[in-house]
Every structure is written in C-alpha cells, then in structure tokens.
Amino acid sequence: MEYRTRRGNGFWRCCVFAVALWTMASAQLRYTITEEVKEGTIVGNVAKDLGLDKSALKDRKYRIVSGAAESLFHVDQNDGNLYVSRDIDREEVCEKSSTCLINVKTVLENPLEVHYVGVEVQDINDNAPIFPEPETTLEISESVLPGVRIPLKAARDLDSGQFSIQQYRLSANEHFRLEVSDMEEDGKIPTLIVQKSLDRETKKRHSLVLTAIDGGKPPKSGEMIVNIKVLDVNDNAPIFTNGDFSVTLTENVSIGTTVIQVNATDLDEGANGEVVYAFSNSVKQRLLNLFDINPETGDIIVKGLIDFEEKEKYIVEVEASDKGVPPLAMQKKVVIKIIDVNDNAPEIEVTSFSSSIPEDSRPGTTVALISVNDRDSGLNGKVTCSIEGDVPFTLSPSLQDKMFSLVTKSALDRETQSEYVLSIVAKDHGQPSLRSEKSIIIIISDVNDNSPEFVLKPYSFYITEGNEPGAHLFSVQATDHDEGENAHISYHLSRDGSEENKVTSFLNINREKGQITALKSFDFETLKSFQFQVVASDSGTPSLSSNVTVHVFILDQNDNAPVILYPVSSNGSAEGVEELPRNVNAGHLVTKVRAYDADIGYNGWLLFSLQEVTDHSLFGLDRYTGQIRTLRSFTETDEAEHRLVILVKDNGNVSLSATATVLVKVVEPREAFAASDVKSSAKDAEDTNVTFYLMITLASVSALFIISIIVLIAMQCSKSSTDYTSKYLQDTNYDGTLCHSIQYRSGDKRYMLVGPRMSVGSTIVPGSQANTLVLPDRRRPSEEVTRVHTNSVRILPSYHDHT
C-alpha cells in the first residue's frame, strides 16, 4: 500500500514539472542596454511586462535563478523591476561575439513559474587598438633586393563592428612602404615591403612607427615601433689602427706580462666584423714558446723566460681576421726589443777544498780555491768576493780573473772553536747589485796541545777513621780539552819514596776512573791527616800530564771509652779511699774524679754522674768537673763509711763509659785528736816528752806527705810525657776533667772545639754552644790544628780545610 502511494506522488510531480516547462516557454522578454551603464540602472519592469501581480511577487519569492546573470542583474520583489547589479563590460561578457545577448532566468513559486528575460548589451568604442608588443625588431640583410615582403604582426581591438580596426599607417621613410590585406575574420594584416636597397655601413638601423586606427568617432589608435636591423655582409677586411708596432721589453719579466696590444677594426658587424688575432704561420715554434696572443683582445703576452743574453730582439708577425664566411685577414709585424737588466747573480764554485785542517796550521795556509762567475757583462758581470763575520780566514785574490784563495789569517784553536761555517758572499756591480752566498764548513782537527786539568786543585777529602780496607774512599777527576786519544786520560799516584809520601804505599788508584782505595784502615789517634799527589796523563803523542795535591783528613769516631786517671788503686782498678773529717762544712771538696778520652770534640766531652751512693743527701757530684762535695755537715748518726760509684761517659752518638768507685771514710777531726793527746800528757806527769815526740811525728808526717805529693806529680808528668806523647797533656789548672779540643780557622778568627771546661784566657764565642773557643791568631803561613789537653799544648800537622 505504501509503495503505491509513493508511485502516485511521483506521477503528479512529473505532471507539474511538464506544466511548468510549458509555462516557461510561453513567457519570453527582451531588453537592450549599452555596456558600462551605472550600477542600479533599471533594465525594465519584468512583472508588468509579464503581467504578474506585483503584490504577490514577494509571497511567491520572485527571484533570479543562480547563474552567470545573477551577478549582473537582480529583481526587486517590491516593484518587479530588473536592475543592473554592477558595471557590465561587453568585451568581458561576450568576447569575440557580434551580438551580446544575456539570458536571465527568473522563477516564481506556488505555483512554480519560470520566465526567461533576454538582455542585449550593445557595444561602445571603449577600447583602442593594441599591438601584441610595443616594439618589434626585424633583421634584414643589406644584400636583399627591392620588393621583398615582410609580414608584420597585426593589432587587436576588443571592440567589434565599426569600432574595430579600420586602417594602418607607416611613418615616412625612403626604404620601406606599407601594404594592408583584409583577411575577413582575421581582420586587416599589415605587410612591410622593401622599396630601396640597404647598406649597413651607411645606416645599420631603421626605426619606423606603425599605427592602427579604429572606426570610432573620434577614432582610437595604437602604435608599434618597428626597428629594422640591417644585417651585415662580409665585404670588409680588418684594418690595423697603427702603422708600426714596436715595443721594448725588460728581460726576465714575469710570465703573463702584456708586451703590447695590437688593434684592428672591421667595418662589418657581427661575425663579419668580429676580429680575432693570431700569430701568422711564418712565426717559428721558438717564438711560440716565448709569446702568446689573446685572440680576442690582441694582447701579446709573455709565455716563457725572456733572456737578453740569448736574444736582443724578436720580430713577430700578427694576423687579424674576421669570422665571416669566407674570413678576411690582414698581417702586421711587431718588433720586440729586449732591455738587459742585472738578472744573473754571481755563481760561486769551491774547488780543491780541504774540509779539515789541523789547529796548529800557520797563518796563510790555503784551505780552498774559490771561483766566481757572472753571466752578465760589463758592470753587471764584475764581481767582488768576501767572507762574512769575524773569522780567522780571508780571501786572497788570485792572478787568474775571478779566482780567490781561502787562507788562514790567524792562529786556530780547536778548543775555542772546533768548526767554522764560512759564509762566502759574491756581489756584482750592477744596479741594483745582486749577490749570492755559499756556506762551507771547515773542521779544525785536534792537536795534543792541552794538558789534563783537574776539576779541583788541590783536592781536600775527609774520611772517617776505621774505614774498610779495599773500599772506595774518593775520586779525582781531570778533563782534557783535546779530543780522541789526546783527551783519553789515565791516572797514577806519585811515589817518590819520601817520608811524607810513605802513606801512598797503602793507597791504590783506578787508572781509568781516578777512584782511590786504601789497603788499610786509618786510625785518627795515630794519623790525623796526610797528603799525596795524583798524576793525570793523556794518550797523545807526545803525552801531556799534570798533577794535583790531595789533602786527606781523618775524621774522629767515638771508638775510645773514657779512661779513669783518678782514683786508681795499686792494682790498677778505678777505686780510691778518701778520709774526711766529720766536722767539715757543706760544700767541702771530698775529691775529684779525673778521666780522659782519646777521642775529640763531642766524642771526647765527658760527663760525670753518681751511679750509686749510700746517702744522696750527703754528697753531690759536679756533672762537668767530677768534683765530689759535701751537701751538708755530718751528724753523729751518719755512717762512718760511704761508697760512691761514679759513671763517666762521653757524648758520642753511641756513648761509651767507665766507672770509678770512691770509698769515703769519716774520721774524727784532727783537732780533737790533738786535744785528747794533751790531756793524756797532763795526766801522765811522768812522761813529759810525749808532746815533743808528737810534734816531731807530725812534722815528719807532714814532710813525708809533701815529698810524696811532689814525687807523685813528677811521676805523673813523667808518665804523661812517655805514655801519652802526642795524645793527652795535663793542664796546670787541672780541675778534674781532661778536656779535648780541636783548633780551626774561619776567616780572620781561630776557633777551638772544647768540652765544658775551658783554659784560662779563652773566650766563648756567642752561639757556639759553649764548646768553641776563640784563640789568639798565631797562624803560620799554613793553618795549624792544635790539640789541647789540660796542662800542655801539642802542634799537629797543618792543613788547609777543617771539619
């Protein structure tokens, strides 16, 4: 059922459409307007002309159907007028059409009605004739004959009919005329005809004006400039502008330098008038290697090396030709004169050269022969030769021209300079002057004219006692300014058998290295210093030698322990007995421990200390002098016997020591003993001579004591002089310690290294740590080392350096 309804609706729609088409076909209007009318111009009242009700136009939506006309016209639904919507250009709307008719389709709804309105747009003369291009160029050969026809491009006019192009005109001239042909639909076509022969050399360009005119009133026109270029015919040969081409050229100019520019002209044009340059076929290859020519500019360019010494003048033939067919050519000679310059530097050649000469050569010895040469002539070829710098050589002119002898002018010394680089300079007399330089190397060979020289003179060495036999002690070194075998040095010891050089029998030296070894160990206490001589000899012929004195100083080591001098018992042990009255006061000197050390300096500086004591409050020991004194008075309760053990040690790095024992016996005072004897004698009246005998006894004991002291001192001095000769001496102001000291010199002062106690009259130098004494200067020409004991002085062998 639904399907049938849809079919019925479609049928009625088709019927309505057919009725509408019939209605549209029955209504047709036509109006006429001119182009370019103003916007809003009324074309006509369509509703009135079609018999439509104006009041129903708006309800029925009267309008123009979409199309090209919609943008040009519109319908007003209020009054039914057809208006122009914008400016109408006929040439734009109806291009190339004789009649311009615009169909406007209008529509009414309910019921649907379609009406066609035709609007004819009439043309006006609003366009001038226009040529395709404002200017055109024609090329016509100067050889064309009169009557030749040359079609021109026609102008175009957008207007039609009588407003289109009606005629053409050509500006007046004697060589051309204009002919116009009517091609109907294509319009009128202009043609240019040659009426007189052309000559490019007389006039190569013609300028004509072609004018197109339409039929408007007043008429409009357009112009085109016609340029006529007369093409050339090769009827003229090139002609050189100058009569003669002559130029001067300096030799050795750089490649690429322009020698001269030749110039030729051709009255023709184009290829016929284009001139190219080349060397003619008569030019030989040798010249072609030296010169080249630019085919376009005519520049003759240097191609190779120009040398005045080879040729002074060159003649080159140049040919100028055009590019016509066939080409025309003309030849011209160019003379090139070469100017000589000082372009050759002198050449130095060394012959008969001795590259090595001995240093003892005499002045005037010939080293080499030198020859110089200059290819230039005259002043440019005259050469002087010299040596630069201050060297012991000179150039001596030879009898032969440009020959020189290189000779020595002063003594040579290889050790000062072993090689000379001589710079030989040769200069010519040209302007500017040229020079050349040659370096030769002369080596000065060695002659054995230098003795070996020791690095130090004399040598001073310090060795420590107790050295290992056979061990290396020290080395000497010598140098020789010569070279080779002349500088090869060997060493040996000078052994003359003298008493002073006996020690050399215990020494050995390495002949090549100068290393000295000892075959025995040295003892400072036996030998303090010695000296010997070393001889250095070279291997030259004859051999040269030199010697040097070597001073050797033995340095002390702490290898001796302190020796106790007092107390010493009868059996040789360090023990003693001292009797002390009980009534002594504090500070009483009990005794002094005396000791000495065979070492020196700090190794012999002795210090005393109490190792054992029965009563520390009763006795005191001076650390430096060894004096034992009472610290207080004795009391009745103090013991009658005291044992003191004193330790004596030196100040070596590894300290050595010895001990001494002192037994102090406290006895009753002698005054008490005497009073007791007097009382006994008073009670014993019978023995009246007791006092007399006692006095004699006391006097005898005192005398014996004094004699014993004198004998003991004499024996001690005798023992010191016999047993310790050259070692230890006793001071008359002996205070209990045998100090050792060594004397040395620094600048204008003499110093002595000592222990804590110093001799009377000595002065401690500030900052010496209380062990250096300044002694009066009693030096002999060589400095002396003095070893001081407490009661005597011994002079040791002299030396120059000190520890």
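## A guided tour by residue selection

Begin by selecting Phe 291, a buried residue with a relative accessible area of 1%. The structure on display is a predicted model, and the numbering used throughout starts from 1 along the chain.

**Aromatic pairs**

Across the structure, the count of aromatic pairs comes to 13. Phe 291 belongs to one of them: with Tyr 314 it forms an edge-to-face pair, 5.6 Å centre to centre and with 70° between the planes. Add both strands to the selection, since Phe 291 lies in strand E20 (residues 291-293) and Tyr 314 in strand E22 (residues 313-321). The pair thus links distant parts of the chain, 23 residues apart. Tyr 314 is buried too, at a relative accessible area of 2%.

Select next Phe 393 and Tyr 420. Their ring centres are 5.5 Å apart and their planes stand at 75°, which means that this pair is edge-to-face. Because Phe 393 is in strand E28 (residues 393-397) and Tyr 420 is in strand E30 (residues 419-428), the pair ties together parts that are 27 residues apart in sequence. Both Phe 393 and Tyr 420 are buried.

To see a group of rings, select Phe 454, Tyr 459, Phe 461, Phe 474 and Tyr 491, which form one aromatic cluster. While in this part of the chain, display the backbone from Lys 457 to Pro 458: the peptide bond is cis, with omega near 0°. Pro 458 is placed in the loop between E32 and strand E33 (459-464).

**Strand E31 and its partners**

Display residues 435-445 as a cartoon; this is strand E31. How many bridges join E30 to E31, and in which sense do these strands run? There are nine bridges, and the two strands run antiparallel. They form a hairpin, with six residues between them. One bridge to pick out joins Glu 419 to its partner in E31, Ile 443.

Now add strand E25 (residues 356-358), which pairs with E31 in the parallel sense over three bridges. Here the partner of Ile 357 in E31 is Ile 444.

Continue to Asp 446, in the loop between E31 and strand E32 (453-454). The side chain of Asp 446 meets that of Arg 414 in a salt bridge of 3.0 Å, N to O. Arg 414 is in the loop between strand E29 (403-408) and E30, so the pair links distant parts of the chain, 32 residues apart. Asp 446 and Arg 414 are both buried.

**Further salt bridges**

In the whole structure, a search finds 20 salt bridges. Select Glu 269 and Arg 200, whose side chains meet in one of 3.4 Å, N to O. Glu 269 is in the loop between strand E18 (264-265) and strand E19 (276-279), and Arg 200 is in the loop between strand E12 (188-194) and strand E13 (205-214). These two residues are 69 residues apart. Are they buried or exposed? Glu 269 has a relative accessible area of 18% and is buried; Arg 200, at 5%, also counts as buried. Extend the selection to Glu 201 and Asp 232, which are linked with Arg 200 and Glu 269 in a network of salt bridges.

Move on to Arg 632 and Asp 638, where the salt bridge is 3.1 Å, N to O. Arg 632 is partly exposed, at a relative accessible area of 23%, whereas Asp 638 is buried, at 11%.

**Charges over rings**

Select Lys 520 together with Phe 506: the charged end of Lys 520 sits over the ring, 4.3 Å from its centre. Then select Arg 594, which lies over the face of Tyr 566 at 5.8 Å from the ring centre.

**Backbone details**

At Thr 541 and Pro 542, the joining peptide bond is cis, and omega is about -5°. Pro 542 is in the loop between strand E39 (529-538) and strand E40 (545-555).

Two residues other than glycine have positive phi and merit a visit. Lys 61, with phi near 55°, is in the loop between helix H2 (46-50) and strand E3 (63-64), and is partly exposed at 48% relative accessible area. Asn 110 has a phi of about 55° and is found in the loop between strand E6 (101-108) and strand E7 (113-122). Asn 110 is exposed, with a relative accessible area of 64%.

**A nonpolar patch**

Finish with a surface view of Phe 705, Ile 706, Ile 709, Ile 710 and Ile 713, which make a nonpolar surface patch of about 500 Å². Ile 710 is in helix H6 (residues 690-723) and, at 54% relative accessibility, counts as exposed.

Terms used. This is a predicted model: local features need pLDDT of at least 70, side-chain atom pairs count only at pLDDT 80 or more; totals for chains, interfaces and linings use all residues. Side-chain values use heavy atoms; hydrogens and water are left out. Rings of Phe, Tyr and Trp (its six-membered ring) pair if their centres lie within 6.5 Å; planes under 30 degrees apart count as stacked, over 60 as edge-to-face and the rest as tilted. Helices (H or I, at least four residues) and strands (E, at least two) are DSSP runs, numbered from the N terminus. Buried means under 20% relative accessible area, exposed over 50%, partly exposed in between (1.4 Å probe, protein chains only). A charge sits over a ring if NZ of Lys or CZ of Arg is within 6 Å of the ring centre and within 35 degrees of the ring normal. Patches are made of residues with over 30% relative accessible area and no salt bridge: like charges are joined within 9 Å, nonpolar side chains (Val, Leu, Ile, Met, Phe, Trp, Tyr) within 5 Å. Accessible areas come from the Shrake-Rupley method with a 1.4 Å probe; for residues, only the protein chains shown count as cover. A salt bridge is a side-chain nitrogen of Lys or Arg within 4 Å of a carboxyl oxygen of Asp or Glu. Two strands pair if DSSP finds at least two bridges between them.
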